[in-house]
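Here are my notebook entries on how the strands and helices fit together. I began with the sheet and then turned to a helix pair.

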Amino acid sequence: MPSSAPVQGRGGLHMKRTLASFSLEGKVGVVTGGARGLGLVMGQGIVISGGNLAIVDMNKEEAERQAAELVEVFRKENPGASKVPKVTAHYADVSNADSVQECIDDVIKEHGKIDHLVTSAGFTENYNAIDYPIDRIRKLWAVNVDGTYLFAITVAKHLMERKAPGSMVFIGSMSGSIVNVPQPQAPYNSAKAAVRHLAASLAVEWAHAGIRVNCISPGYMLTALTEKILDEKPDLKRHWTSLIPQGKMGQPADLMGPVTFLLSDASQYVTGADVRVDGGYTLT
Ligand SMILES: NC(=O)c1ccc[n+]([C@@H]2O[C@H](COP(=O)([O-])OP(=O)(O)OC[C@H]3O[C@@H](n4cnc5c(N)ncnc54)[C@H](O)[C@@H]3O)[C@@H](O)[C@H]2O)c1
């Protein structure tokens, strides 16, 4: 192969043939919770697949840092590229309706439009159900469920005004279908079940407008955060891993393909689906 041949790395121009419908070229994607963890890696997947990206997070400073980093990585993987993706950072507290509207207005001002949405802002915590402070439960539901709902309806209104099709991916969890052990997290599990069924319900309600809504339910993924916790609890890591048919936890990059597929035209006839990315955990 001549030395000037494009590098066949994870991103950039490459020489492997693939369906053109997987490309996100010309699209604008919003990722909530995009400054860190799974959201950040899915945002990276959008950029690698040709899309422009708006990173939304409560931590705007980190979102700004990561936006600059994504563009830098793109430049390295695509030396001499004439077109560089636009990656912007925006503040929102996803649980607050005014904050969500301001954020969407800001994204539209910067990018001119929105085509895709990925809702990854969310968190979990462990309390026995009878000890769980109600204020904390309300906060957990507000971020995981209201946050998903508020972003979805605000982006849907924009798409309907433009009479444009769109695709949304809600990040649920396998916890929306199974009950994790041994950690007690009943409100989180029910929040993620709500996210999954919200995707199905909105998929039906908005099908007439060409808006597709799907859910990705990850299993145990090794992010910087979970890695740190599990390094301190090797027994828990062994226990979890023993329950996963593939015998290992997932890498955040394992979500790049599924999210790109669901956002892209390659999944045109897929709506209301729950795609489990869990190494087979929920099958046993
Ligand atoms: N990591 C896993 O193993 C795993 C498994 C299944 C599902 N999930 C789900 O995936 C999503 C991302 O998880 P992660 O591990 O990447 O988490 P993370 O904590 O690494 O990242 C979450 C991001 O969301 C942001 N955020 C939190 N609350 C917010 C709010 N109110 N408004 C705006 N931004 C907010 C945080 O600042 C952070 O950047 C969550 O919904 C989580 O429930 C994670």
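**Sheet and helix notes**

I looked up the sheet and found seven strands in the open order β3-β2-β1-β4-β5-β6-β7, with parallel pairing. Strands here are DSSP E runs of at least two residues, helices are H or I runs of at least four, and both are numbered from the N terminus; pairing takes at least two DSSP bridges between two strands. β3 (87-91) and β7 (274-277) are at the edges with a single partner strand each, so one side of each has no neighbour in the sheet. I noted an average twist of 20 degrees from one strand to the next.

This is a predicted model, where local features need pLDDT of at least 70 and side-chain atom pairs pLDDT 80 or more, while totals for chains, interfaces and linings use all residues. Residues count from 1 along each chain as its sequence is written, and side-chain values use heavy atoms, without hydrogens and water.

Next I checked β2 (residues 52-57): five of its six residues are buried, meaning under 20% relative accessible area (1.4 Å probe, protein chains only). Five bridges pair β2 in parallel with β1 (residues 28-32), and N52 is the bridge partner of V28. Five bridges also join β2 to β3, where A89 partners I55.

Then I turned to α4 (residues 134-162) and α5 (residues 186-206), whose axes come within 9 Å and cross at roughly 15 degrees. Axes are lines fitted to C-alpha atoms, for helices over the stretch in contact, and angles run from 0 to 180 degrees between N-to-C directions. α4 and α5 are therefore roughly parallel, the word for angles under 35 degrees.

Definitions and conventions
Angles under 35 degrees count as roughly parallel, over 145 as roughly antiparallel, 65 to 115 as roughly perpendicular and the rest as oblique. Buried means under 20% relative accessible area, exposed over 50%, partly exposed in between (1.4 Å probe, protein chains only).
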